[in-house]
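Hi,

Here is the structure I promised to pass on. Have a look at it first, and my notes follow underneath.

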Amino acid sequence: MSDALKPEITNRVKLLEEKFKNSGQDLGSYLDGLLYDRYLTYWDYIHLDVLLSLQVPKTHFPDEEIFITYHQITELYFKLILHEMKQIVGDGSLDSEILFTKIRRINCYVEALISSFEVMKNGMDKDQFLKFRMSLIPASGFQSVQFRMIEIYATPLCNLVNQECRNKYSEDSSIIEVYEELYWKSGATDAVTGEKTLTLKQFEERYNPRLLRISNELKENTIYHSYLKLSEKDRENEDLIGEMRRLDENINVNWGLAHYKTAYKYLSKDNKNDLKATGGTNWKQFLPPTFQKLSFFPSLWTSEELLNWGKSWVEELVNSEK
């Protein structure tokens, strides 16, 4: 049997020599490293032991582990969504096919989250939840900076302003001025006194500089802009339009519905005495899409569709509660 290397192996060795020639070490040193290195294992590759050590409940109630684990899973999905979004806005040669593929991936991530929210709605004992949640004050899912980043990556900042003053701002408006009117701030502000909740104060202190920096970096370079910069033919791609409309509804309608249903189950008592969310947010006014009427891609909807934004959501909620 010949010990001669196959031509394809010889070619790869030459390519490796070329790769490593400027590194300060020769190829032989790197081959030695491969000989001495351990085989990679699944648990080492994904840091399984570290991952499973990150669930640290604050109380002795068993179902708090479900609560904290699910929120960590959610943040990992948000990371995947942002991973795709960053590639979209950073691609200078984007066409409708690439954008369609990326948006479809994002929809898969979001829909996995929406369907899995049943874990939160039906996976915890209500009595346990109402007790252990009190140890979490003022922490709140409202403080998820990755979700705020997803919104900022998706659309011009002026589209995220409170509905009642949205027509006052445009893409030419000052980023700082627009940022102060973003809808989520009103969700954690006392409607009577105008005082910000501690939840919002904590969030702004930690993340305002980062979010303002990202907002400036993405000026005229959001996902929506990536679509608008396509050729006229590409912008008329029905499959792409369908995926973008689907993403708009998934995040701005269906994701809110999943949260609202869960909050309603655990926090709703009667019309006057609903329990507050841990962050003090007024969830009955903050979560419903019919109140916010947020759309990332407004030009992809008719005026009537935008006017009735979330109406089917209300019908679904009413039917589900019958």
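About 19,200 Å² of the protein chain is exposed, and 53% of that area comes from carbon and sulfur atoms. Keep in mind that this is a predicted model. Of the chain's 322 residues, 42% count as buried. The fold has 19 helices and zero strands. If you take the contacts with a separation of 6 or more, 70% of them are between residues 24 or more positions apart.

On the outside, there is a nonpolar patch you may want to colour in. Its members are Leu 40, Tyr 42, Trp 43, Tyr 45, Ile 46, Val 50, Leu 51, Leu 52, Leu 54 and Leu 76, and together they have about 1,100 Å² of accessible area. Helix 3 (42-45) and helix 4 (48-52) are the elements that give two or more residues to this patch. Leu 40 sits in the loop between helix 2 (27-36) and helix 3. Its relative accessible area is 66%, so Leu 40 is exposed, the cut-off being over 50%.

Now for the aromatics. The structure holds 18 aromatic pairs. One of them joins Tyr 179 and Trp 184, with 6.3 Å from centre to centre and 85° between the planes, which makes the pair edge-to-face. Are these two residues buried or exposed? Tyr 179 is buried at 1% relative accessibility, and Trp 184 is buried too, at 0%.

Trp 184 also pairs with Phe 203: the ring centres are 6.5 Å apart and the planes stand at 85°, so this is edge-to-face as well. Trp 184 belongs to helix 11 (residues 183-186) and Phe 203 to helix 12 (residues 198-217), so the pair links distant parts of the chain, 19 residues apart. Both Trp 184 and Phe 203 are buried. If you show the rings here, you can follow a whole cluster: ring pairs link Phe 142, Tyr 179, Tyr 183, Trp 184, Phe 203 and Tyr 207.

That cluster has a charged neighbour. Arg 148 lies over the face of Phe 142, at 5.1 Å from the ring centre. Elsewhere, Arg 245 lies over the face of Trp 301, at 3.9 Å from the ring centre.

Arg 148 also brings us to helix 9, where it is one of the buried residues. How many of the residues of helix 9 (residues 145-154) are buried? Ten of its ten, so to speak a mostly covered helix. The buried residues include the charged Arg 148 and Glu 151, along with Val 145, Phe 147, Met 149 and Ile 150.

One more spot to look at is Glu 64, which is in helix 5 (residues 64-89). With 3% relative accessibility, Glu 64 counts as buried, since the cut-off is under 20%. What does Glu 64 touch, leaving out residues up to four places away in sequence? The answer is Pro 57, Lys 58, Thr 59, Phe 132 and Leu 136. Phe 132 is 68 residues from Glu 64 along the chain, yet their C-alpha atoms are separated by 6.7 Å.

So if you only have a few minutes, I'd go to the nonpolar patch that includes Leu 40 and Trp 43, then the ring cluster with Trp 184 and Phe 203, and then the contacts of Glu 64 with residues such as Phe 132 and Leu 136.

Cheers

Conventions
Residues numbered from 1 in each chain as written. Predicted model: local features only at pLDDT ≥ 70, side-chain atom pairs only at ≥ 80, totals over all residues. Heavy atoms only, no water. Patch = residues over 30% accessible without salt bridge, like charges linked within 9 Å, V, L, I, M, F, W, Y side chains within 5 Å. Areas by Shrake-Rupley, 256 points an atom, 1.4 Å probe, with all protein chains shown as cover. Salt bridge = Lys/Arg side-chain N within 4 Å of Asp/Glu carboxyl O. Helix = DSSP H or I, 4+ residues; strand = E, 2+ residues; numbered from the N terminus. Buried < 20%, exposed > 50% of the residue type's maximum accessible area, 1.4 Å probe, protein only. Phe/Tyr/Trp six-rings, centres within 6.5 Å; stacked < 30°, edge-to-face > 60°. Lys NZ or Arg CZ within 6 Å of the ring centre and 35° of its normal. Contact = heavy atoms within 4.5 Å.
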